[in-house]
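Hi there,

I'm passing a structure on to you, and you'll find it just below. After it I've written up what turned up when I went through it, so you can follow along on screen.

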Amino acid sequence: MAARRSQVLDLIFVCVIVTYLGKVRCNEPHCSKFDFEEKVLEKLVRMEYKAEMQEKSVRKELGDMKSELESYRDDWQRLKQENDDLKTSLKSVAQNSLDQIASYKESLVTPTVMFKARRMKVLSLDKGQTMIFKDVMFNNGSGYDNTRGVFTCPIEGVYLFTIHLCSPTNKYITYDVMVDGTIHTKGANRDATSQVCTSADAIVELQEESRVWVQSNYDEDELYEDGYRWSSFSGVLIHS
């Protein structure tokens with residue numbers, strides 16, 4: 001940069017000398033070698049000073065522009081980071097919302113727990129004897145045990161149980177719907193003229209592992225079955 005400026009100054013010096021010599025006449029009384037060199041040097045100094053001032057001004061403007069550009073770059077980096085943080089936050093909020101929706105959806109869907117069994121293993125019962133319905137039609141949730149006649153709750157919730165019992169002519173059938181050893185629902189039926197069937201239901205709130213069964217409540221209970229009459233025991237989870 002300094003070498004280039006020196007060459008420019010030398011060129012300007014030569015041009016000034018040529019121009020000045022073209023204008024100065026030899027017969028002018030004040031034209032001397034020292035006066036001429038002094039004036040040329042003065043002009044060169046002024047030109048160099050002016051060039052330096054312009055250079056300083058340009059450097060200052062360039063510095064200001066650089067600072068402004070750096071400020072813009074910093075602002076852009078900050079905005080970019082804020083945008084990235086906002087995207088991350090929105091993704092997190094969206095994922096949490098989806099998880100909550102999925103959780104709510106699962107809580108609204110009642111699991112399938114239901115069973116139905118029919119046909120009695122024993123038709124003549126003693127008081128307190130469990131009624132065992134041997135033929136299982138379906139057993140979703142695997143809660144019913146047809147070897148013992150007992151339903152064991154796999155999922156806590158509200159259940160609906162239904163029994164349908166048929167008795168011979170002029171014979172009583174009495175029953176208790178038992179929940180963990182406590183009578184929940186009971187009834188009796190007899191018809192002196194014909195075989196008859198009776199139905200009953202029970203809505204029970206159960207805990208997991210609670211047990212439900214049907215038992216006789218009379219020493220001489222008799223059940224009846226033929227091609228038209230089947231006794232049955234069923235249950236279904238209606239709300240969990």
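Please keep in mind that this is a predicted model.

A good place to begin is strand 6 (residues 157–167). One of its partners is strand 12 (residues 232–239), and the two pair in the antiparallel sense over seven bridges. If you want a spot to zoom in on, take isoleucine 163, whose bridge partner in strand 12 is phenylalanine 233.

Strand 6 also runs antiparallel to strand 9 (residues 196–206), and eleven bridges join them. Here you can look at glycine 157, which has leucine 206 in strand 9 as its bridge partner. As general background, strands of a sheet pair through backbone hydrogen bonds, in either a parallel or an antiparallel way.

Now zoom out a little. These strands belong to an open sheet of five strands, with antiparallel pairing and the order 3-1-12-6-9. Which strands stand at the edges? They are strand 3 (133–140) and strand 9; each has a single partner strand, so one side of each is left without a neighbour in the sheet. On average, neighbouring strands of this sheet are turned by 15° against each other, direction ignored.

Next, the cysteines. The structure holds one disulfide, and it joins cysteine 166 to cysteine 197, with an S to S distance of 2.0 Å. Cysteine 166 lies in strand 6 and cysteine 197 in strand 9, so the disulfide ties together parts that are 31 residues apart in sequence. The torsion about the S-S bond is about 100°, so this disulfide is right-handed.

Are the two cysteines buried or exposed? Cysteine 166 is buried, because its relative accessible area is 0%, under the 20% cut-off. Cysteine 197 has 28% relative accessibility and therefore counts as partly exposed, a class that lies between 20% and 50%. While you are looking at cysteines, cysteine 153 counts as buried too, at 1% relative accessibility.

Finally, have a look at the surface. Val58, Leu62 and Met65 form a nonpolar patch there, and together they have about 290 Å² of accessible area. Of these residues, valine 58 is found in helix 2 (residues 33–108). Valine 58 has 44% relative accessibility, so it counts as partly exposed.

I hope this helps you find your way around. Do write back if you'd like to go through any of it together.

Best wishes

Terms used:
Residues are numbered from 1 along each chain as its sequence is written. This is a predicted model: local features need pLDDT of at least 70, side-chain atom pairs count only at pLDDT 80 or more; totals for chains, interfaces and linings use all residues. Side-chain values use heavy atoms; hydrogens and water are left out. Patches are made of residues with over 30% relative accessible area and no salt bridge: like charges are joined within 9 Å, nonpolar side chains (Val, Leu, Ile, Met, Phe, Trp, Tyr) within 5 Å. Accessible areas come from the Shrake-Rupley method with a 1.4 Å probe; for residues, only the protein chains shown count as cover. A salt bridge is a side-chain nitrogen of Lys or Arg within 4 Å of a carboxyl oxygen of Asp or Glu. Helices (H or I, at least four residues) and strands (E, at least two) are DSSP runs, numbered from the N terminus. Buried means under 20% relative accessible area, exposed over 50%, partly exposed in between (1.4 Å probe, protein chains only). Two strands pair if DSSP finds at least two bridges between them. A disulfide is a pair of cysteine sulfur atoms within 2.5 Å. Axes are lines fitted to C-alpha atoms, for helices over the stretch in contact, and angles run from 0 to 180 degrees between N-to-C directions.
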